[in-house]
Amino acid sequence: MQKRKLGKNGLETSALGLGAMGMSMAYGSGDDEESVATIRRAYELGITHFDTAELYGMGTGANEILLGKAVKGFRDKIVIATKFGFDIPNMTPTSAPLDSRPERIRTVVENSLRYLQTDYIDVLYQHRVDPEVPIEDVAGTVKDLIAAGKVRFFGMSEAGPVTLRRAHAVQPVSVLQSEYSLFERVVERDILPVTRELGIGFVPYSPLGRGFLTSTVKPAAEYEESDMRRWDDRWHGSNYTSNVAAVEQLRQLAASTGLTVAQLALGWLLARGDDIVPIFGTKNRSRLEENVRAAHASLPASTLARVNEILPNGAFGARYPESFMPTWT
């Protein structure tokens with residue numbers, strides 16, 4: 001698979017990455033054996049970028065342990081990204097308190113190293129910006145961890161332009177991760193211009209609209225109780241109807257070029273710039289293999305233009321409830 005550089009500090013990964021979150025949370029029950037097989041198959045297909053987080057195991061390390069087990073045979077040939085930043089013991093279904101205090105960051109990193117069975121983390125993200133902790137303190141703590149050899153690159157997630165600049169002045173930010181897809185395009189206005197000015201790579205998460213841009217979408221009430229799509233605004237009422245209609249148009253467009261709608265969505269993101277590496281999530285090998293083929297697709301300008309006509313402003317409905325919505329500054 002083609003390689004891409006993220007930022008100016010030497011971080012290089014495959015053009016597509018695999019997100020492990022759904023293997024442990026958010027999208028219903030999982031199958032650890034199939035998840036491990038999927039991660040290993042991803043590596044065989046050329047993926048070298050694997051994404052996890054403390055949050056994805058709700059503090060138990062479950063997701064990092066799963067990933068660490070799966071990549072043990074080729075750990076030194078890949079990039080592992082993980083994240084800190086939530087006050088997990090005090091989380092509730094309606095609130096997500098934050099904790100990026102330096103002592104907490106150091107504790108999370110030691111836990112992550114143990115869970116992942118590794119001596120270093122390639123990319124350490126602040127999962128969400130904590131307004132109670134100066135970003136300079138956060139960046140300084142990560143800088144110390146880099147100096148100690150425990151971390152290689154500093155990343156941020158859902159950070160705004162001012163915060164990015166302040167952090168970057170203390171410790172260069174190699175990569176920013178935020179939601180970006182045919183369904184969610186807000187970053188194009190305020191975020192991508194800044195990352196490109198500063199030389200920061202961009203990693204879109206949920207590039208398939210949490211599964212809406214696939215062939216398996218269904219109304220919110222039909223998902224498991226533990227599936228976040230049950231409360232996602234884009235799966236409800238008229239938003240759902242409008243989004244289904246848009247995706248059907250995308251499906252027809254994709255079919256005309258010999259692609260699935262998921263491959264079209266990933267190909268569209270890859271065409272947005274060489275500094276972009278989308279991370280998609282999947283729990284099974286068949287879906288993985290379908291998505292990886294997007295890295296080899298070349299979309300003509302007419303197809304890209306038609307995509308923008310179908311969804312010029314992204315999806316119908318908000319991506320998070322207000323209490324979970326990141327605040328960019």
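In this predicted model, helix H9 offers a good place to start, since every position can be named: Val261, Ala262, Gln263, Leu264, Ala265, Leu266, Gly267, Trp268, Leu269 and Leu270 are buried. The helix is thus described as mostly covered, with 10 of its 10 residues buried. H9 also has a prominent role in the nonpolar interior. The largest nonpolar core contains 80 residues, and Leu18, Leu124, Met156, Leu250 and Phe280 touch the most other members. The largest share of this core, eight residues, is supplied by H9, which spans residues 261–270. A second core, separate from this one, has 12 residues, among them Leu6, Val79, Ala81 and Tyr205. Such groupings fit a familiar pattern: in soluble globular proteins, nonpolar side chains tend to be buried together.

Two residues give a closer view of the packing. Phe280, one of the core members with the most contacts to other members, touches Leu16, Gly17, Leu18, Gly19, Ile47, Pro207, Leu208, Leu266, Leu288, Asn291 and Val292, leaving aside residues up to four places away in sequence. Among these partners, Leu266 belongs to the buried residues of H9. Ile47, another of the partners of Phe280, is placed in the loop between helix H1 (32–44) and strand E4. With a relative accessible area of 0%, Ile47 is buried. Beyond residues up to four places away in sequence, Ile47 touches Met1, Ser14, Leu16, Gly17, Leu18, Ala42, Phe280, Leu288 and Val292. Leu16, Gly17, Leu18, Leu288 and Val292 therefore appear in the contact lists of both Ile47 and Phe280. Ile47 and Leu124, in turn, are separated by 77 residues in sequence and by 19 Å in space, C-alpha to C-alpha.

Strand E5 (residues 79–84) contains Thr82, which is buried at a relative accessible area of 1%. Thr82 touches Thr52, Ala53, Glu54, Glu64, Ser112, Ile121, Val123, Leu124 and Tyr125, again not counting residues up to four places away in sequence. Thr82 and Leu55 lie 27 residues apart in sequence, with 9.4 Å between their C-alpha atoms.

Aromatic side chains add a further layer to the picture, and a search of the whole structure finds five aromatic pairs. The ring centres of Phe183 and Phe212 are 5.2 Å apart and the planes stand at 50°, so this pair is tilted. Phe183 is in the loop between strand E8 (173–179) and helix H6 (187–190), while Phe212 is in the loop between strand E9 (201–205) and helix H8 (237–256), so the pair ties together parts that are 29 residues apart in sequence. Phe183 is buried, at a relative accessible area of 2%, and Phe212 is buried at 0%. Phe212 also forms a tilted aromatic pair with Tyr240, at 5.7 Å centre to centre and 50° between the planes. Tyr240 lies in helix H8 and Phe212 in the loop between E9 and H8, so this pair ties together parts that are 28 residues apart in sequence. Tyr240, like Phe212, is buried. Elsewhere, Tyr180, Phe202 and Trp268 form one aromatic cluster, and Trp268 is among the buried residues of H9.

Charged groups meet aromatic rings at two further sites. The charged end of Arg75 sits over the ring of Tyr120, 4.0 Å from its centre. That of Arg114 sits over the ring of Tyr115, 5.0 Å from its centre.

Helix H8 returns in a helix–helix contact. H8 and helix H11 (residues 301–310) pack with their axes 10 Å apart and at an angle of about 170°; the two helices are therefore roughly antiparallel to each other. H8 contributes Ala246, Gln249, Leu250 and Leu253 to the contact, and H11 contributes Thr303, Arg306, Val307 and Ile310. Leu250 is also one of the residues that touch the most other members of the largest nonpolar core.

Backbone geometry deserves a final word. Most residues other than glycine have a negative phi. Met58, however, has a positive phi of about 50° although it is not a glycine. Met58 is found in the loop between strand E4 (49–51) and helix H2 (62–71) and is partly exposed, with a relative accessible area of 42%. Gln117 likewise has a positive phi, near 55°. Its place is in the loop between helix H3 (102–116) and strand E6 (121–126), and Gln117 is partly exposed at a relative accessible area of 45%.

Conventions: Residues numbered from 1 in each chain as written. Predicted model: local features only at pLDDT ≥ 70, side-chain atom pairs only at ≥ 80, totals over all residues. Heavy atoms only, no water. Phe/Tyr/Trp six-rings, centres within 6.5 Å; stacked < 30°, edge-to-face > 60°. Helix = DSSP H or I, 4+ residues; strand = E, 2+ residues; numbered from the N terminus. Buried < 20%, exposed > 50% of the residue type's maximum accessible area, 1.4 Å probe, protein only. Lys NZ or Arg CZ within 6 Å of the ring centre and 35° of its normal. Core = buried A, V, L, I, M, F, W, Y, C linked by side-chain atoms within 4.5 Å. Contact = heavy atoms within 4.5 Å. Axes fitted to C-alpha atoms, helices over the stretch in contact; angles between N-to-C directions. Parallel < 35°, antiparallel > 145°, perpendicular 65-115°, else oblique.
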